Amino acid sequence: MGRHVGVLDQKEVGTDERDWLLPGVLLALFLSILIAAVFVWSIEKVRRLDAEERARRLAETVAHEFGERLDRSLSASYALATLIRQGRGEIENFETLAREMIGVYGGITALQLAPDGVITQVVPLAGNESVIGFSPLRDPRQGGETRRVIETRKPGLTGPFELRQGGIGVVGRHPVYLTDALGADRFWGLTQVLIRIDDLLAVAKLQTLAGSGYAYEMWRVHPDDGRRHVFASSGTLPAVRPIDIRIPVPNGEWTLSVAPLSGWHGGKELAGDLLGALIFVALVTLVSFVLLRQPRLLRAEVRRRTRELQASEAQYRALFNDNPVPMLVYEPDSRRMLDANNAFVASYGFTRHELTQMSVADLHPPDERARLLGYFSSALAPGFRQAGEWHHQRKNGEIIDVEINSLDIIFAGRPARLALAFDMTDRKRAERALQMHNSWLKSVLEHFPGGISVTDAQTRIVGWNEQCCKLLDFPREMLAGEPLPMIDFIRFNATRGEYGDVDVDAYVAEAAKQIDLRAPHHFERTRPDGTVLEVRGTPLPDGGFVTSYTDITERKRDEARLRAANQRYEELNAALESKVAERTLRLEAEVEERRLVEMAVRQSAEWLREIIDTMPSGILLWDREQRLVAWNEALKRLYPASAELLRVGISRAELRAAMMARGDAPVGDEAAADWEKSGQWDRVLPDGRVISIERMATSEGGRLVLQSDVTALRRTAEVLARNERMASLGNLVAGIAHEINTPIGNALMVASALGGRIAEFDEVLAGGSLRRSVLDGFISTVRESEDLLVRNLQRAANLIQNFKQVAVDQTSDRRRVFDLATVLEEVRMTLVPRFKHSPFVLDLDAEVGVSLDSFPGALGQVATNLVENALVHAFEGRAQGRITMSARRIGDRAEIVCADDGNGVPPEVRPRIFDPFFTTKLGKGGSGLGLSIVLNLVRDLLGGDMRVESETGQGTRFIIEIPLQAPLARAGSAASQ
């Protein structure tokens, strides 16, 4: 057989190669440590920058809201100063006017007037009595800052400091100068706005920082001593570099410092990174050790295997030649035979020299050459494989059946293949004979007119035919499962009364004794239904039994009838004539009755066909082979261009193709080919019509398809949904218009006052008595008016900007990346006017920093509709109520909850609240589309889901879950016949 499989070059592998194991492992350890350190440092740097950016965004949001609240509260001092200048130092009905201003501006603790620097009037007076007659100019803590306000003639903020009436607060002061008769400016006094720090911090929601895991400090640099004055904090800041956000205030600035409680570096994340780095270093070092150690092991293994293979080559050769299984070796590419063993030469009759001149194909008959070519052209699995059953031709022309197994080897130093040919000719002949015998036996059993059952040596029923099942009426599962003993069938029959009213246990015990005798038997048995069975049992040599069951009921009846016929022959012969006449009359009546029944059936069929043809929906009925069985006239009216195509037996694929060619079905509708698709959906035809499809499976495996034209219905629903959105936008416009009135009114009041000053200046200028003091006073007034105008107009601009963003989002389906808390805050600001003059409250608690790539317009529409729905339905008959909207991130999804503490949804109404046009306030502000639009937007556009939780008298919660990245817009529903 030449050189054996796996024999290598006998040359010993040299042992003087240099061993790189230890240096290589040390180098790999050093490089892996260096790479892991750089990687951990990079990750920690990126993580810190990301944490600082999140903290900065959150702090800027809180600081911006804090500044907005403070600026809005201090605007009241500007308005009071303007009113004093218009009233020449007097304000009529100051108490009434101050109470209205406190309600309008919000966040104000008290308004004060201090002529000549002494407080004379305070609103509200209750709790502030101690400040009457107090002069901030003479106070050692407030005097310095108060004098600077008067000297600069600009509004200023004093504090925070401890108030005389208790607590910590700040005072916004506005110096007022009046022009006397000579045109000179004189100091009138101060208008003051008192704001408690606790109220200001509560409104600014600084607790959001603490709830997000941050420590904060609110501080300023004291203008008198230059020291850092902390007036609000959540505790001591951690020893990390904090984020400082500047908050501009009149005549100075405040600073908000924020730092995470756990530091910028998360302990768990850093520990995880270090653990990963250690694992990486260990794996790299281990892999380097294994790889560098492998050559050393391989050289030793090669030397050992070489010696073993050389020693065993002679043994393998002897094993090959003396093996009783015919074996040959051939070349895989050319299929030329290289060698064969003694058993192969003896079996096939060829000499070894003849075999080396032949190819593998020469051993196969001509009709098997194509299959052989396909086998060699396909990829073969490595190792030992079974090549299957083939035919081989011996030298004398005899065709034999063989089973081939092959193995890839090395023969004489080149790739070869060893094939083992097992002669299966005798076994194949025996199998074919046995198969034919079994086929005959099975045919005999199936066509035997009676029942047959076969039991084995353990009296288990192991064989039966179909007639046996019918005659004995045993449950199919008793025969089809694991073979059961005959005694189980006898007990089953006794239990169901097959043998009459007998004692079941006693009867079964007696039957078991008879079975154990294994004796032939022959008897007749009458079943409860009157069937008479002839039972014959014959024992088998292996201890089993063959039992036959023949239905002899008719034979018994014939015998009984024959006996009775002999007795009744004379009687029947006498009564035959009368019976024949009676039978004739009965047959005539039956014929007439059948004719009437057939007429009624035809009439019913005509009525049913007329009802089906007059239905408004088109009907198609397909059989299980997807061929057309029936249709109605409504289908022809629905597709007039394709009406002539309808015929019984046309295939579904052919009808769809023809309808697409005529424009009665959408082209490229892949879902329509899905025969298994059931349910209801819409499809859009090329002519613009919307067809509602409902497909149902029939009991025979076919399909019943109902088709209706719902174009007008769908368009009406779209128009109503659009109107609902525009109505919601109209409510936003009305609320924003009311909210803008305050800053616009302030600006108009300042502009009017400025106009009066300009008129006075014109008179002085025209009279020629203009002095420097008059000019300076005029310029100071203009600057103050400009400052007040800019502040109020800036506030109006911010409101308009928020409204524009919400309005643009809600009137378009533009997709963009946005912050969830920002969008919900914009929606809340547009809804604030709805709550200003109502006993109800709207709260927002949204997690800051949750970024979404979605449709803010749809999300704003959802939030607006939920709040509007709560206002209309939740608080009927209640004097107060609260609506809370919260949002947070959960994994890769965002959860938005809109909850109220109102009346709740009654159980009988709850299943229908999302139905279009369903409302309990029809004609009272409810359209029935709000929640339906919300559900469609959440599911179809935002890609999420929505559920409702409610108990009567305990409020309602709408829970919405949407992905952080909305899916692509869904295409129109697939349509199919």
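**Close-up 1. Five strands of this predicted model line up as an open, antiparallel sheet.** Reading across the sheet, the order is β16-β15-β19-β18-β17. The edge positions belong to β16 (461-464) and β17 (521-526); each has a single partner strand, so one side of each is left without a neighbour in the sheet. On average, and ignoring direction, neighbouring strands here are turned by 20 degrees against each other.

**Close-up 2. Strands β18 and β19 pair in the antiparallel sense.** Follow β18 through residues 532-539 and β19 through residues 545-551, and you will find seven bridges joining them. For a handy landmark, look for Arg536, whose bridge partner in β19 is Ser548.

**Close-up 3. The largest cavity holds about 170 Å³ of space.** Its lining is made up of 16 residues, and those closest to the centre are Tyr330, Val360, His364, Ile404 and Ala419. Several elements each supply at least two lining residues: β10 (327-330), α9 (369-377), β12 (385-393), β13 (399-411) and β14 (414-423). If you would like to explore further, the structure holds seven cavities of 30 Å³ or more.

**Close-up 4. Thr956 sits in strand β31 and is buried.** The strand covers residues 956-963. Thr956 counts as buried because its relative accessibility is 5%, and the cut-off is under 20%. Its side chain makes a polar contact with the side chain of Ser950, at 3.1 Å. Leaving aside residues up to four places away in sequence, Thr956 touches Cys898, Ala899, Asp900, Gly904, Val905, Val948 and Glu949, as well as Ser950.

Notes
Residues numbered from 1 in each chain as written. Predicted model: local features only at pLDDT ≥ 70, side-chain atom pairs only at ≥ 80, totals over all residues. Heavy atoms only, no water. Helix = DSSP H or I, 4+ residues; strand = E, 2+ residues; numbered from the N terminus. Buried < 20%, exposed > 50% of the residue type's maximum accessible area, 1.4 Å probe, protein only. Polar contact = N/O pair within 3.5 Å; in protein donor to acceptor, adjacent residues only side chain to side chain. Contact = heavy atoms within 4.5 Å. Pairing = 2+ DSSP bridges. Axes fitted to C-alpha atoms, helices over the stretch in contact; angles between N-to-C directions. 1 Å grid on protein atoms, 1.4 Å probe; cavity = no way out; pocket = protein on both sides within 12 Å on 5 of 7 lines; lining within 4 Å. Points joined across faces, edges and corners; volume = space filled by probe spheres on them.
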